[in-house]
Every structure is written in structure tokens, then in C-alpha cells.
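Dear colleague,

I am passing on to you the structure we spoke about, together with some notes on what was found in it. Please look at the sequence and the model first, and then read on.

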Amino acid sequence: MRAIPLFTLLLGGWCAVPAYAGEAQDWLNRLSQAEQQQSFQGTFVYERNGSFSTHNIWHRVQNGKVRERLLQLDGSAQEVVRIDGHTQCVSGSLIAGLGNTPDGTARALDPQKLKNWYDLAVIGKSRVAGRQAVIVAVTPKDQHRYGFELHLDKETGLPLKSLLLNDKGQLLERFQFTRLNIADPSDGELQASADCKAVAQEPDKTDAVKTAWHSDWLPPGFELASSTARKDPDTQVQVNSLMYDDGLARFSVFLEPLNGATVTDTRTQLGPTAAVSRRLTTPQGEMMVTVVGEIPIGTAERIALSMRSDVTATQ
């Protein structure tokens with residue numbers, strides 16, 4: 001399970017003929033508002049890369065704050081507690097490499113922006129976890145992003161089920177509630193267990209910067225959302241990171257000086273997540289460029305090969 005805001009996790013995919021676009025936009029607006037307005041608790045199953053896991057979730061909106069706890073029920077007892085999208089503690093294998101990000105809060109979907117890059121359509125009705133749902137398809141207009149099928153609860157707008165498919169119709173990711181209760185979780189249910197280890201807050205070590213990097217090519221609609229620079233605690237080498245999004249899909253680019261290190265190019269995909277690393281020669285020396293995100297691997301590779309420095313060597 002990924003330790004990310006729930007509504008990023010819930011998005012999945014489908015290809016359909018566009019219809020009822022206006023109604024689809026209304027439903028996406030309801031989805032966008034649901035996390036900030038609706039408390040709930042329940043159990044969901046998550047499928048990725050052929051493996052399944054089951055999770056409990058408690059999500060409470062109170063006094064303008066959103067508090068959320070997720071607990072994996074099978075395998076290792078992985079746990080995450082978040083407040084307003086920021087990770088407070090984690091347990092299990094989630095501990096490794098997990099921390100706060102500059103934009104830890106969930107984003108509101110903007111259907112007006114999305115319709116430039118996706119066809120939006122209401123394509124039917126369904127019943128999930130004993131609740132009536134409307135099916136909304138979000139179909140990409142090009143090959144550089146995945147599509148989404150959302151089964152949204154008629155009463156609340158919460159996503160009851162989602163599928164993520166590639167352009168060949170292959171399932172990459174599934175999320176589905178098996179039980180949903182829209183009652184407020186109690187303080188006890190939202191309380192982290194003793195195994196949930198606090199995540200250190202280190203805002204002074206990660207700074208927003210004006211990036212010295214750009215890509216000569218980006219998929220249409222993707223824009224730079226944030227850029228940061230952070231020193232690796234072991235090597236003290238500065239790692240630049242850039243995050244891009246199109247209002248729905250996201251990917252990150254990491255740039256790190258090699259300083260003579262021997263590395264090999266890599267190209268891997270786990271479910272919908274592509275990770276591509278390429279060596280890049282710049283006026284400042286050899287760099288390793290890594291692109292990670294839920295985009296097709298060919299798109300990630302093209303982005304990696306398109307990264308360029310905006311500065312020239314000073315020596």
C-alpha cells in the first residue's frame with residue numbers, strides 16, 4: 001500500500017466513448033469535495049501487480065482538519081496516520097524512505113482543466129459494498145497517461161471502486177470497498193498503535209528552489225508543480241527533484257551528481273508505476289536522472305532523456 005493521500009490512491013482506469021461530459025464534471029466536483037467534507041470508515045481491497053491486500057481505513061473531518069488512519073489487515077501490519085495529508089507516523093516496511101512531501105495535502109480535481117487532456121463521461125451505474133454508485137470514465141486523449149474508471153457513491157460522492165487500465169486494456173491497479181460506513185470514527189479508532197513510528201518533521205532540510213533544470217519535452221498538459229533541493233544525509237550530495245502534474249496524473253524527476261560513481265541505466269515498471277534512470281552529461285559533469293510516476297514507461301524514458309540544465313559550467 002502506498003502511503004499517499006487516499007484520493008490519489010483511489011483513482012483507476014477505463015476507456016469509453018465520451019458521453020454526458022457535463023454530468024461527469026459534476027460528479028468529479030463531488031469527488032473533489034468529498035474528502036474534505038465527509039467522514040467515513042470501512043474496509044477496502046487493493047490489487048497491484050497481481051498481489052492483493054486488505055486494509056481498514058478511518059477518515060474523520062472535524063473542525064476543518066482531516067485525520068486519516070490506514071491499517072493493513074493481512075501480511076505485515078503496515079499502518080499510516082496522516083493529518084491534512086501530512087504523514088504523522090508509519091509502521092512496517094513503509095518506514096523505509098517515507099517522509100513528508102512539500103505538497104502532502106490532497107489536491108482538488110479541476111474538471112475544466114482535466115477535460116483538455118481526458119474525455120469525461122458518465123457510462124453507467126453499479127452497486128459496490130451494498131451501495132448505489134455512478135460510473136465515471138476519465139479517458140486519456142493521448143498515450144502519455146492512463147485512464148480512470150470511478151464508481152462514485154450516489155449519496156456522498158466517495159469513490160467505492162476504481163480500476164486503472166493501460167491503453168491495451170490491461171488492469172494495472174484496483175481499489176474496492178467491501179464495507180463502508182459514513183459515521184464519524186472515534187478518537188480511539190484514529191489513534192495510532194505503538195508500532196507506528198513518528199515521521200520526523202525536517203522542513204529546514206528541504207527547500208523550495210527555482211529549478212536549474214527543465215525538460216525539452218513534456219507530455220501535453222503537464223506543468224511543473226514544485227521543485228526542491230535536498231542534501232543526501234549519507235553523501236551530502238545535493239539532489240534536485242521536480243514534480244509535474246496535469247491536474248490528475250503526477251510524476252517526479254530526481255537529478256543527482258554521480259561524482260565519478262559507476263552506474264547503469266535502468267528501466268522498470270511495477271503495476272502502473274514506471275521508474276527510469278539514465279546517465280546524463282551536463283556542463284557540471286555526469287548526472288543521474290530518474291523519472292518515477294504513474295505514467296507509461298515509454299513516456300517516462302522520453303522525459304528522462306529530455307532533461308537539460310539551465311546553467312553553464314563555471315570552471
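**Overall picture**

Among contacts in the protein chain between residues at least 6 apart in sequence, 56% join residues at least 24 apart. Please keep in mind while reading that this is a predicted model. The protein chain has 5 helices and 20 strands, and of its 315 residues 49% count as buried.

**The nonpolar cores**

The largest nonpolar core has 37 residues, and among these Leu28, Val136, Val253 and Met307 touch the most other members. Because domain 1 (18–198) and domain 2 (213–309) both give residues to this core, it lies between them. There is also a second, separate core, which has 13 residues, including Ala34, Phe40, Leu160 and Leu180.

To come back to valine 136, its contacts, leaving aside neighbours within four places in sequence, are Ala24, Trp27, Leu28, Ala121, Val122, Phe148, Glu149, Leu150 and Leu152.

**Helix H5 and what surrounds it**

Helix H5 covers residues 297–305, and threonine 299 has its place there. The buried residues of H5 include Ile297, Thr299, Ala300, Glu301, Ile303 and Ala304. What covers the buried residues of this helix includes strand E13, strand E16 (250–257), strand E17 (266–270), strand E18 (273–282), strand E19 (285–293) and strand E20 (307–309).

Threonine 299 counts as buried because its relative accessibility is 4%. The side chain of threonine 299 is joined to that of histidine 144 by a polar contact of 2.9 Å, and, if neighbours within four places in sequence are left aside, threonine 299 is in contact with Gln143, His144, Trp217 and Pro219. Trp217 has a further partner in arginine 302, which lies over the face of the tryptophan at 3.8 Å from the ring centre. An arrangement of this kind is also found at tyrosine 118, where arginine 145 lies over the face of the ring, at 5.8 Å from the ring centre.

Strand E13 (residues 213–215), one of the elements that cover H5, holds serine 215. Serine 215 has a relative accessible area of 13%, and therefore it is buried. A polar atom of the serine 215 side chain lies 2.4 Å from the backbone oxygen of tryptophan 217. Serine 215 and serine 306 are 91 residues apart in sequence, yet their C-alpha atoms are 5.1 Å apart in space. Apart from neighbours within four places in sequence, serine 215 is in contact with Tyr244, Ile303, Ser306 and Met307; of these, Ile303 is among the buried residues of H5, and Met307 is one of the residues named above for the largest nonpolar core.

**Aromatic rings**

A pair of aromatic rings is described by the distance of the centres and the angle of the planes. The count of aromatic pairs comes to 7. One of them is formed by phenylalanine 175 and phenylalanine 177, which meet edge-to-face, with 5.3 Å from centre to centre and 85° between the planes. Both of these phenylalanines are buried, and together with Phe40 and Phe44 they form one aromatic cluster. Phe40 is also listed in the second nonpolar core.

**Two residues in strands**

Glutamine 176 lies in strand E10 (residues 171–181). How far is glutamine 176 from valine 45 in sequence, and how far in space? The two are 131 residues apart in sequence, while the distance from C-alpha to C-alpha is 5.4 Å. Glutamine 176 counts as partly exposed, because its relative accessibility is 22% and the buried class requires a value under 20%. Residues up to four places away in sequence not being counted, glutamine 176 touches Thr43, Phe44, Val45, Val128, Leu160 and Lys161.

Aspartate 153, in strand E8 (residues 148–153), counts as buried because its relative accessibility is 2%. A polar contact of 3.0 Å joins its side chain to that of arginine 131. Leaving aside neighbours within four places in sequence, aspartate 153 is in contact with Trp27, Arg131, Gln132, Ala133, Leu158 and Leu160. Leu160 also appears among the residues touched by glutamine 176 and is listed in the second nonpolar core.

With kind regards

Terms used. Residues are numbered from 1 along each chain as its sequence is written. This is a predicted model: local features need pLDDT of at least 70, side-chain atom pairs count only at pLDDT 80 or more; totals for chains, interfaces and linings use all residues. Side-chain values use heavy atoms; hydrogens and water are left out. Rings of Phe, Tyr and Trp (its six-membered ring) pair if their centres lie within 6.5 Å; planes under 30 degrees apart count as stacked, over 60 as edge-to-face and the rest as tilted. Buried means under 20% relative accessible area, exposed over 50%, partly exposed in between (1.4 Å probe, protein chains only). A charge sits over a ring if NZ of Lys or CZ of Arg is within 6 Å of the ring centre and within 35 degrees of the ring normal. Helices (H or I, at least four residues) and strands (E, at least two) are DSSP runs, numbered from the N terminus. Contact means heavy atoms within 4.5 Å. A polar contact is a pair of N or O atoms within 3.5 Å; within protein, one must be able to donate a hydrogen and the other to accept it, and residues adjacent in sequence count only if both atoms are side-chain atoms. A nonpolar core is a set of buried Ala, Val, Leu, Ile, Met, Phe, Trp, Tyr and Cys residues joined through side-chain atoms within 4.5 Å. Domain bounds come from an automatic or database domain assignment.
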